[in-house]
Amino acid sequence: MKHELPSLPYAIDALAPHVSAETLEFHHGKHHKAYVDKTNALIEGTEYEKLLLEDLIRKALADGNKGLFNQSAQVWNHTFYWNSMSPNGGGKPSGELADAIERSFGSFDDFKKKFIETSVGNFGSGWGWLVKKDDGSLDIVQTDDADTPIAHEGMGKPLFTCDVWEHAYYIDYRNARPKYLESWFDIVNWDFALQNFRG
Ligand code: MN3
C-alpha cells in the first residue's frame, strides 16, 4: 500500500502560541511529508509494499532494514504526535486515566515533572512517551531518533508522545527544550490519551 501524509487534525494556526503555524508548516508539510515520500520510495516493488504501516515498521526492524525502519517509524510517530496535541487540550486528565497517573506517579504534578525531565534529558533527537504497560500501570519512556514503542514487545502501549527533535521546537523556542515542554503541556490531548488508555 502507498502511505499518505494525513491532514493535521486542526487548523495550522490552532496550536499557537505553543506550537506556531510556521513550525507546523515545516514539521508537517516538509519533515513528515519527506518521511512518507521516502517510505513509499523504499518499499516500491518490495515485499514491504503490501504491509500495513505498523507491520512494515516491525518487519523492517526485524530485518535489520534500518533505513526503512527510520523513515516508516517516523511516519507513524508523527501522526501519533499530531493527535497527541489539541487546541482544546491541556489541563489535567480525567476519569480512570487520572487515577492511573496518581497510582503510577504519586500525583499529576509529579508525573508532569518526571515527563519533562525525561524528555529534556534525551541527549540527542527522540521522543517522550506516556505508555500503558501490560499490567495496567503507566510509565514514561523515551526513544532515540526514530525509535518507537510499537516496535518493541513489552515497551507498553503509547498514550501520547512529544517530539523532542529540534525541528519540533527550534523555530518557536530556539534551543530551549524545557520551555517547549512546559508550554506543550497546555496542548496535551488528554481525550486522545484516555481513548488509548481504554482501547
Ligand atoms: Mn518531528
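This passage describes the metal site, the sheet, the helix packing and several local backbone features of a predicted model.

The manganese ion is held by four residues, namely His 27, His 78, Asp 163 and His 167. The three histidines each donate through NE2, while Asp 163 contributes OD, and the coordination distances span 1.9 to 2.1 Å. Along the sequence these donors follow the pattern H-x50-H-x84-D-x3-H. His 27 and His 78 connect distant parts of the chain: His 27 belongs to helix α1 (residues 21-43) and His 78 to helix α3 (residues 66-83), with the two positions 51 residues apart in numbering. Both of these histidines, His 27 and His 78, are buried. As a reference for the geometry at such a site, ideal angles at a metal are 109.5 degrees for four tetrahedral donors, and 90 or 180 degrees for six octahedral ones.

The strands of the model form an open three-stranded sheet in the order β2-β1-β3, and the pairing is antiparallel. Strands β2 (138-144) and β3 (157-163) occupy the edges and have a single partner strand each, so one side of each lacks a neighbour in the sheet. From one strand to the next, the twist averages 25°. Strand β1 (residues 126-132) is connected to β3 by six bridges, and these two strands run antiparallel. Within this pairing, Leu 130 is positioned opposite Phe 160 of β3, and Gly 128 has Cys 162 of β3 as its bridge partner. Strand β3 is mostly covered, with six of its seven residues buried. In general, side chains in a regular strand alternate between the two faces of the sheet.

Two helices are placed across this sheet. Helix α3, which also carries the manganese donor His 78, lies across β1 and β3 and runs at about 90° to β3. Helix α4 (residues 95-105) lies across β1, β2 and β3, and its direction is at about 80° to β2.

Helix α4 also packs against α8. The axes of α4 and α8 come within 9 Å of one another and cross at roughly 85°. Because angles of 65 to 115 degrees count as roughly perpendicular, α4 is described as roughly perpendicular to α8. On the α4 side the contact involves Glu 96, Leu 97, Ala 100 and Ile 101, and on the α8 side Trp 190, Ala 193, Leu 194, Phe 197 and Arg 198. Classified by residue type, this contact of α4 with α8 comprises seven nonpolar and two charged residues, with no polar ones.

The loop between α7 (177-184) and α8 (190-198) contains Asp 186. This residue, Asp 186, has a relative accessibility of 42% and therefore counts as partly exposed. Apart from its neighbours within four places in sequence, Asp 186 is in contact with His 18, Gly 89 and Gly 90. The C-alpha atoms of Asp 186 and Met 85 are separated by 9.0 Å, although the two residues are 101 residues apart along the chain.

Several backbone features depart from the usual conformations. Most residues other than glycine have a negative phi, and most peptide bonds are trans. A cis peptide bond, with omega of about 5°, joins Ala 16 and Pro 17; Pro 17 lies in the segment before α1. Asp 145 is not a glycine, yet its phi is positive at about 55°. Asp 145 is located in the loop between β2 and β3, and its relative accessibility of 44% places it in the partly exposed class. A positive phi of about 50° is likewise found at Arg 174, which is not a glycine. Arg 174 is situated in the loop between α6 (170-173) and α7.

The loop between α6 and α7 also holds Asn 175. With a relative accessibility of 60%, Asn 175 counts as exposed. When its neighbours within four places in sequence are set aside, Asn 175 is in contact with Tyr 169 and Tyr 170.

Technical notes
Residues are numbered from 1 along each chain as its sequence is written. This is a predicted model: local features need pLDDT of at least 70, side-chain atom pairs count only at pLDDT 80 or more; totals for chains, interfaces and linings use all residues. Side-chain values use heavy atoms; hydrogens and water are left out. Donors are N, O and S atoms within 2.8 Å of the metal (3.2 Å for Na, K and Ca); water is not among the atoms, so sites may look incomplete. Helices (H or I, at least four residues) and strands (E, at least two) are DSSP runs, numbered from the N terminus. Buried means under 20% relative accessible area, exposed over 50%, partly exposed in between (1.4 Å probe, protein chains only). Two strands pair if DSSP finds at least two bridges between them. Axes are lines fitted to C-alpha atoms, for helices over the stretch in contact, and angles run from 0 to 180 degrees between N-to-C directions. Contact means heavy atoms within 4.5 Å. Angles under 35 degrees count as roughly parallel, over 145 as roughly antiparallel, 65 to 115 as roughly perpendicular and the rest as oblique. Ala, Val, Leu, Ile, Met, Phe, Trp, Tyr, Cys and Pro count as nonpolar, Asp, Glu, Lys and Arg as charged, and the others, Gly among them, as polar.
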